[in-house]
Amino acid sequence: MVGFKPTDVPPTATVKFVGAGTAACIADLITFPLDTAKVRLQIQGEKKQAVTTRTAQYKGVFGTMATMVKNEGPKSLYNGLVAGLQRQMSFASVRIGLYDSVKQFYTKGSEHAGIGSRLLAGCTTGAMAVAVAQPTDVVKVRFQAQARMEGSKRYQGTLDAYKTIAREEGIRGLWKGTSPNITRNALVNCAELVTYDLIKDMILRYNLMTDNLPCHFTSAFGAGFCTTVIASPVDVVKTRYMNSAPGQYGSAVKCALTMLQKEGPLAFYKGFTPSFLRLGSWNVVMFVTYEQLKRALMAARGSWESPF
């Protein structure tokens with residue numbers, strides 16, 4: 001079997017917290033260009049303007065990435081990476097790392113968690129994560145949406161972005177889009193963590209696989225697909241609203257209604273392919289890494305406590 005073997009002692013809350021943040025950062029490093037392409041496709045069509053030589057038109061995920069590299073250079077695929085890693089370290093640590101602990105709280109320590117308890121745990125940790133990490137998400141989206149050809153850059157760096165948004169839009173500007181993001185992450189957490197949890201439990205219950213890499217890969221891939229289907233509409237609205245100029249939309253609901261009126265219902269699934277490519281690959285890398293990190297950290301903890 002490839003990878004670390006399951007440990008006899010269950011991983012502690014601290015191990016899960018640190019492991020989840022680290023695994024999410026590794027997954028972000030690998031899949032970030034897909035996320036940037038997704039954001040560009042999602043905001044395309046937001047401003048109805050004449051197509052000029054200075055207005056990039058994106059077609060498909062790989063076409064978008066090729067256009068960005070051609071017009072803005074390879075580094076543009078990683079616009080907002082610093083904020084993205086800051087987001088994952090704070091965001092994933094809470095929503096993924098605390099999921100099992102919150103699930104146990106709702107089940108009052110019972111080993112058999114029902115679907116209701118899992119959904120409640122997913123919604124709770126998702127909302128908690130947004131409350132903590134929303135400013136990093138706002139800055140990440142702004143950087144990813146920023147095209148070099150549009151003229152002068154909105155922000156010169158990550159720290160400058162935080163300062164500029166706070167100065168021009170107030171502290172509330174850093175928490176812009178919190179409502180749609182809470183909605184999105186409640187859906188994402190329930191679809192992602194609960195689906196992963198259920199698929200993995202089913203595989204192990206029916207002895208289809210053992211608790212190792214193939215099981216984790218299969219569970220993560222299924223979770224990524226379900227998450228994309230469920231969360232894409234909210235994700236598009238969240239991206240549009242967080243990237244909008246002050247006063248462009250009165251609220252996230254107004255943003256959604258404007259999209260529906262001007263671009264039709266399919267606008268809510270703009271960037272679906274890169275969303276699936278990104279979420280599918282992100283889930284596989286994150287969950288496989290997370291499972292291995294938990295085992296590695298517990299094995300290291302055991303060796304520290306029993307050196308001889």
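**Figure 1. Glu72 at the end of helix α2 in the predicted model.** In this predicted model, Glu72 is buried, its relative accessible area being 3%, and the residue belongs to helix α2, which covers residues 61-72. The side chain of Glu72 is engaged in a polar contact of 2.9 Å with the side chain of Arg40. Both Glu72 and Arg40 also take part in the packing of α2 against α1, which is the subject of the next view.

**Figure 2. Packing of helix α1 against helix α2.** The axes of α1 and α2 lie 9 Å apart, and the two helices pack at an angle of about 95 degrees. Because angles of 65 to 115 degrees count as roughly perpendicular, α1 is described as roughly perpendicular to α2. On the α1 side the contact is formed by Pro33, Leu34, Thr36, Ala37, Arg40 and Leu41, and on the α2 side by Val61, Thr64, Met65, Met68 and Glu72.

**Figure 3. Lys75 in the loop that follows helix α2.** Lys75 is located in the loop between α2 and α3, and with a relative accessibility of 72% Lys75 counts as exposed. Although Lys75 and Pro33 are separated by 42 residues in sequence, their C-alpha atoms are 9.5 Å apart in space; Pro33 is also one of the α1 residues that contact α2.

**Figure 4. Helix α3 and its kink.** Helix α3 comprises the 15 residues 81-95, and the distance from its first C-alpha to its last is 20 Å, close to the 21 Å expected at 1.5 Å a residue. A kink of about 25 degrees is nevertheless present in α3, with Gln88 at its centre. Gln88 is itself buried, and the buried residues of α3 also include Leu81, Ala83, Gly84, Arg87 and Phe91, together with the run Ala92, Ser93, Val94 and Arg95.

**Figure 5. Surroundings of Thr31 in helix α1.** Thr31, a residue of helix α1, has a relative accessible area of 2% and is therefore buried. The Thr31 side chain approaches the backbone oxygen of Ala27 at 2.8 Å, and a further polar contact, of 3.5 Å, links the side chains of Thr31 and Arg278. When neighbours within four places in sequence are set aside, the residues in contact with Thr31 are Arg278, Ser281 and Trp282.

**Figure 6. Crossing of helices α1 and α9.** Helix α1, residues 13-43, and helix α9, residues 213-243, have axes that come within 9 Å of each other and cross at roughly 80 degrees, so that α1 is roughly perpendicular to α9. The residues that meet here are Lys38, Val39, Gln42 and Ile43 from α1 and Asp235, Val236, Thr239, Arg240 and Asn243 from α9.

**Figure 7. Helix α8 and the residue Asn207 that comes after it.** Helix α8 contains 28 residues, 178-205, and its end C-alpha atoms are 38 Å apart, which agrees with the 40 Å that the helix should span at 1.5 Å a residue. After α8 comes Asn207, which has a positive phi, near 55 degrees, and which is placed in the loop between α8 and α9. Most residues other than glycine have a negative phi. Asn207 has its positive phi although it is not a glycine. With a relative accessible area of 66%, Asn207 is exposed.

Terms used:
Residues are numbered from 1 along each chain as its sequence is written. This is a predicted model: local features need pLDDT of at least 70, side-chain atom pairs count only at pLDDT 80 or more; totals for chains, interfaces and linings use all residues. Side-chain values use heavy atoms; hydrogens and water are left out. Helices (H or I, at least four residues) and strands (E, at least two) are DSSP runs, numbered from the N terminus. Buried means under 20% relative accessible area, exposed over 50%, partly exposed in between (1.4 Å probe, protein chains only). A polar contact is a pair of N or O atoms within 3.5 Å; within protein, one must be able to donate a hydrogen and the other to accept it, and residues adjacent in sequence count only if both atoms are side-chain atoms. The expected span of a helix is 1.5 Å times one less than its number of residues. The bend at a residue is the angle between axes fitted to the seven residues ending there and the seven starting there. Axes are lines fitted to C-alpha atoms, for helices over the stretch in contact, and angles run from 0 to 180 degrees between N-to-C directions. Angles under 35 degrees count as roughly parallel, over 145 as roughly antiparallel, 65 to 115 as roughly perpendicular and the rest as oblique. Contact means heavy atoms within 4.5 Å.
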